[in-house]
Amino acid sequence: MKKTISILLFLIAASMPLIVKAMDTGGYYPISKIWAWADYTDGVVLVQLENQNSLCPNGYWFKDSSGAASKNILSIALSAYHAKTPVRVYADENSDWSGLSSKECELKLIVME
């Protein structure tokens, strides 16, 4: 059983760079704005970088739910914004937020170094 779980975890870990690499902003950029709306967006947060990716010209969105994952993303984004630390964003360019008429991509991973 341990061997099966180890193999499964290895296969998942080995495939992650391929999945994440397809959604890469290509570099580290400072966050210029963080937008958080009240009730009507159902908790969506929009993060804009100083140098926006052409696939996601209006920024990166995620739903700030009660889960730990969205709280972690919001925490990293706020920390990077206030510290003026550049971040690298991985996003799904095929998942546009319908709350705005412009093009935004769903944020999947944010990296701060």
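User: How many aromatic pairs does a search of the whole structure find?

Analyst: The search of the whole structure finds 1 aromatic pair, formed by Trp-35 and Trp-37. The model is predicted, so local features need pLDDT of at least 70 and side-chain atom pairs count only at pLDDT 80 or more, while totals for chains, interfaces and linings use all residues. Residues are numbered from 1 along each chain as its sequence is written, and side-chain values use heavy atoms, with hydrogens and water left out.

User: Why are Trp-35 and Trp-37 called a stacked pair?

Analyst: Rings of Phe, Tyr and Trp (its six-membered ring) pair if their centres lie within 6.5 Å, and planes under 30 degrees apart count as stacked, over 60 as edge-to-face and the rest as tilted. The centres of Trp-35 and Trp-37 are 5.9 Å apart, with 20° between the planes, so both values meet the criteria and the pair is stacked.

User: What makes Trp-35 and Trp-37 partly exposed?

Analyst: A residue is buried under 20% relative accessible area, exposed over 50%, and partly exposed in between (1.4 Å probe, protein chains only). Trp-35 has a relative accessible area of 37%, and Trp-37 one of 21%, so each value falls in the range between the two cut-offs.

User: What elements does the protein chain have, and how do they run from the N terminus on?

Analyst: The protein chain has 2 helices and 5 strands, and from the N terminus on its elements run α-β-β-β-α-β-β. Helices (H or I, at least four residues) and strands (E, at least two) are DSSP runs numbered from the N terminus. The 5 strands of one open sheet stand in the order S1-S2-S3-S5-S4, with mixed pairing.

User: Why are strands S1 and S4 said to stand at the edges of this sheet?

Analyst: Strand S1 (31-36) and strand S4 (87-92) each have a single partner strand, so one side of each is left without a neighbour in the sheet.

User: How do you know that S1 and S2 pair, and what sense does each of the other bridged strand pairs around S3 have?

Analyst: Two strands pair if DSSP finds at least two bridges between them, and S1 and S2 have 5 bridges, in the antiparallel sense, so the requirement is met. S2 and S3 are joined by 4 bridges and run antiparallel, whereas S3 (residues 60-63) and S5 (residues 105-112) run parallel, with 2 bridges. Residue by residue, Trp-35 stands opposite Leu-46 in S2, Leu-46 has Trp-61 as its bridge partner in S3, and Trp-61 in turn has Glu-106 as its partner in S5.

User: What makes S2 largely enclosed by the rest of the structure?

Analyst: Of the 6 residues of S2, 6 are buried, so the rest of the structure largely encloses this strand. In a regular strand the side chains alternate between the two faces of the sheet. Here Val-44, Leu-46 and Gln-48 on one side, and Val-45, Val-47 and Leu-49 on the other, are all buried.

User: Why does Gln-48 count as buried, and which residues is Gln-48 in contact with?

Analyst: The relative accessible area of Gln-48 is 11%, and this value lies in the buried range, so Gln-48 is called buried. Contact means heavy atoms within 4.5 Å, and, leaving aside neighbours within four places in sequence, Gln-48 is in contact with Ile-31, Ser-32, Lys-33, Trp-35, Asn-58 and Gly-59.

User: What makes a set of residues a nonpolar core, and which residues have the most contacts inside the largest one?

Analyst: A nonpolar core is a set of buried Ala, Val, Leu, Ile, Met, Phe, Trp, Tyr and Cys residues joined through side-chain atoms within 4.5 Å. The largest such core has 17 residues, and those with the most contacts inside it are Ile-31, Tyr-60, Phe-62, Val-87, Val-89, Leu-107 and Ile-110. Strand S2 (44-49), S3, helix H2 (68-83), S4 and S5 each supply at least two residues of this core, and H2 gives the most, with 4 residues.

User: Which elements have the lowest and the highest mean pLDDT?

Analyst: On this confidence value of the predictor, given for each residue from 0 to 100, helix H1 (residues 2-21) has the lowest mean, 50, and S1 the highest, 93. Over residues 15-22 the pLDDT is below 50, and beyond near neighbours in sequence this stretch has 4 contacts in the model. Where pLDDT is low, the predicted coordinates should not be read in detail. The mean over the protein chain is 79, and 79% of its residues reach 70 or more.
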